[in-house]
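I opened my notebook for another round of looking things up. Here is the entry, with the structure pasted in to follow along.

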Amino acid sequence: MAHFDENAKPFSHKWLNERLAIDTLQRVLSTEYWIPKNINFLWAMGMVLAATFGLLLISGIFLLMYYQPNVNTAFDSVNYTIMSEVGYGWLWRHIHGVGASVVFLIIYIHMFTGIYYGSYKRGRELIWLSGMLLFITFSAEAFSGYMLPWGQMSYWAGMVITNLFSGGSLHADGLVEWIRGDYVPGQAFLNRFFMLHVLLMPLIIIGLIVLHFGTLRIPHVNNQDGEDFDFEEAARLYKEGKIKESKVIPFKPVFLSKDVFVMGIYFIFFFYLVFYHFEFAMDPVNFDPANPLKTPTHIYPEWYFLWSYEILRPFPTDPGLVAFGFAQVIFLLLPFLDRSPNVAPASKRGLFKYWFWALLVDMIVLTFMGKLPPEGAWSVIGLIAALFFFALWIALPIITSKEKKL
Amino acid sequence: MKELKIFGIVVAFTLVLYWGVEPFAHSQMHKHVEGDNLQYSDLKPLKVKGDAKAGEAKAAACVGCHSIKVKNMPAPMDAMASSAAYGVNPPDLSLAGALLDEKFFAHFLMDPAGVTKSKHFAMPPSAFSEQDAADIVAYFKSIAPKEVTAKDAFTFACSRCHADRYDHMTQLGEEPKTKANIKTNVDLDKLDFEKNLGTYQNKLADYMGKLPPDLSIIIRARSEHFLHTFIENPQSQLPGTAMPRVGLNKEGMEKVMAYLEKTGDPSKPLREQTGPKVLLFFLVFTALAFLWKKSMWKGHH
């Protein structure tokens, strides 16, 4: 039985410490949570993501107070009630819309940072896996949220994406109906995507964020050179005051001070978009109310799904679905497909360097082609880029197993 | 320095990505239509000068269908009867001289269906010489009020076919304020109005081929360039559309666009007012964060 001081004042430091071990918590989670010193601003993307998630959550709570999940009123509750009757409703909506788009930009930067520096290997596999699960749940969150304004793009994107579950020649139409709760997107559909967006997905995301942080604690954050050093030794030096010699810094306040500075720059960019350039995040087609009788000329997902959409599109239905499924899971396997023991920036890893930049460029090309109408040269380029994507992933284990040990 | 280089690479890739999915993709998806600057260049310049006095007598025939409220001349039929007869309610002509392009207006009077480029147009040719047309135009210019509000412009040019529900505008004008019976919660006046509106809309849909869309937030659903060129010449953007060319002049176009912006993007003034303050806050925030970071990292390298 622990010792409790009878005389400690309720909620005093001592009282709390005896019950919650706040000193230990503080030490373990912040003041003696050691981060390598050899890092750059890309290491702040995690906190930038946490901040963006916070903005989405807060703005979402305000929007939730006025949004109506009903096929007859959803569109006007968003575009009229929130935009013109609710004080600053437009601000919350634009923060939410811009946030939903920008959060994916930062996720991709965060992901490619991890790939570039090899931060998914040597004890860091679970960091990568939990991160990829977050990517998948954020995708589900973004898609379900996109249904809610019940505009033309909500309706038709909902139609197209749920159709994928019929599995092409499998004709699992029953599954599609089960997902929709109807033959076509309607009230049941809107209601369940509303539930997914405001309850189930956020719950899973919050759980995964905790897991993602947890997976970081033991293997520690990677550094710019992938250097493997003794954290305890480095921490000892730091605590002795040899901060110049030590290779680490405490999370609070040293690492945090840089995070907050990077966040400041990010917020300038973010709110510039919110006030002066929000159109990119709110597709014009979705400002026409959902109309089951009128298919829009061009149906395309938001920009962050375009690369995987373009992996689906250039192929016939069945191979396309297989390719699409492949693209959805292949990133999860990265720590196991990379056969090299080296944890180092791509620039020092021979062929992997070219693999990295080729993957990045290929995904950007896929993204461009995913939005363009699938005609003429565009569909040829799309097909080549999709095939190249597969070639890259097939080549990965081969080129990494031949990589020289550093 | 190395950090700035990395930042530069991230920014460059982000910009390329943005360029590809926004400006480039949209330039490929939508054909570009060059506007005509409201010149209506396909119509020949008028060779004659109009005389408002002479026009007054010639315009007398107009009130066979239209009202001219500035002159206290009512229409012979109300909106319901008109729509039953013609498919659509003819506009009040008080503002015609102020909002329509002079050349367009004159040619329109001589050949309404041809000039509006709509397959069928309820109005028959109403001037039989260029002189007649110019005189009638001169007359309407002389009676038009000096000041026209944005809403009046919308009412004249658009609202007999298009509703704007976010401004409570219907094809039969503003939604009336009615009261429900307190004991039954039945609002008979509202039901009557809705029945009339429904009847009108059905007739209109028969006349136009479909019910023309509500324009509440059309300003966000279409680009400003699209709306300009579409209103100027609907066939240029949507070949085969039933929407007639309405022949607005510069003032008319500006007023209609101002109205659409007001109902479709009402937060614009407040947004422009709040934006600089929020950005200033984050500039100061970032400057302070930079100083904090500098002091925290002192002696670390």
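What pLDDT does chain B average? I noted first that this is a predicted model. I found an average of 95 for chain B, with 100% of the residues scoring at least 70. For the complex, I wrote down an ipTM of 0.95 and a pTM of 0.94 from the predictor.

**Helix α14 of chain B**

I checked the length of this helix next. Helix α14 (residues 268–296) of chain B has 29 residues, so at 1.5 Å a residue I expected a span of 42 Å; the end C-alpha atoms lie 41 Å apart, which agrees. I also looked for a kink: α14(B) bends by about 25 degrees at B:T274, and the proline B:P276 follows within four residues.

B:T274 turned up again on my list of buried residues in α14(B), which also includes B:R271, B:G275, B:V278 and B:F282. What do the buried residues of α14(B) pack against? I traced them to α5 (89–117) and α11 (251–276) of chain A.

**The interface**

That took me across to the other chain. I counted 50 residues from chain B and 57 residues from chain A in the contact. Together the two chains bury about 5300 Å², with 74% of it on carbon and sulfur atoms. On the chain B side, B:R220, B:W297 and B:H300 supply 13% of the area buried against chain A, more than any other three residues.

How many salt bridges cross the interface of chain B and chain A? I got four. I looked up the pair A:K258 and B:E3, which forms a salt bridge with its closest N and O atoms 2.9 Å apart.

Definitions and conventions
Residues are numbered from 1 along each chain as its sequence is written. Chains are lettered from A and ligands numbered from 1 in the order in which they are written. This is a predicted model: local features need pLDDT of at least 70, side-chain atom pairs count only at pLDDT 80 or more; totals for chains, interfaces and linings use all residues. Side-chain values use heavy atoms; hydrogens and water are left out. pLDDT is the predictor's confidence in each residue, from 0 to 100. Helices (H or I, at least four residues) and strands (E, at least two) are DSSP runs, numbered from the N terminus. The expected span of a helix is 1.5 Å times one less than its number of residues. The bend at a residue is the angle between axes fitted to the seven residues ending there and the seven starting there. Buried means under 20% relative accessible area, exposed over 50%, partly exposed in between (1.4 Å probe, protein chains only). Contact means heavy atoms within 4.5 Å. Buried area is the accessible area (1.4 Å probe) that two parts lose on being put together, summed over both. A salt bridge is a side-chain nitrogen of Lys or Arg within 4 Å of a carboxyl oxygen of Asp or Glu.
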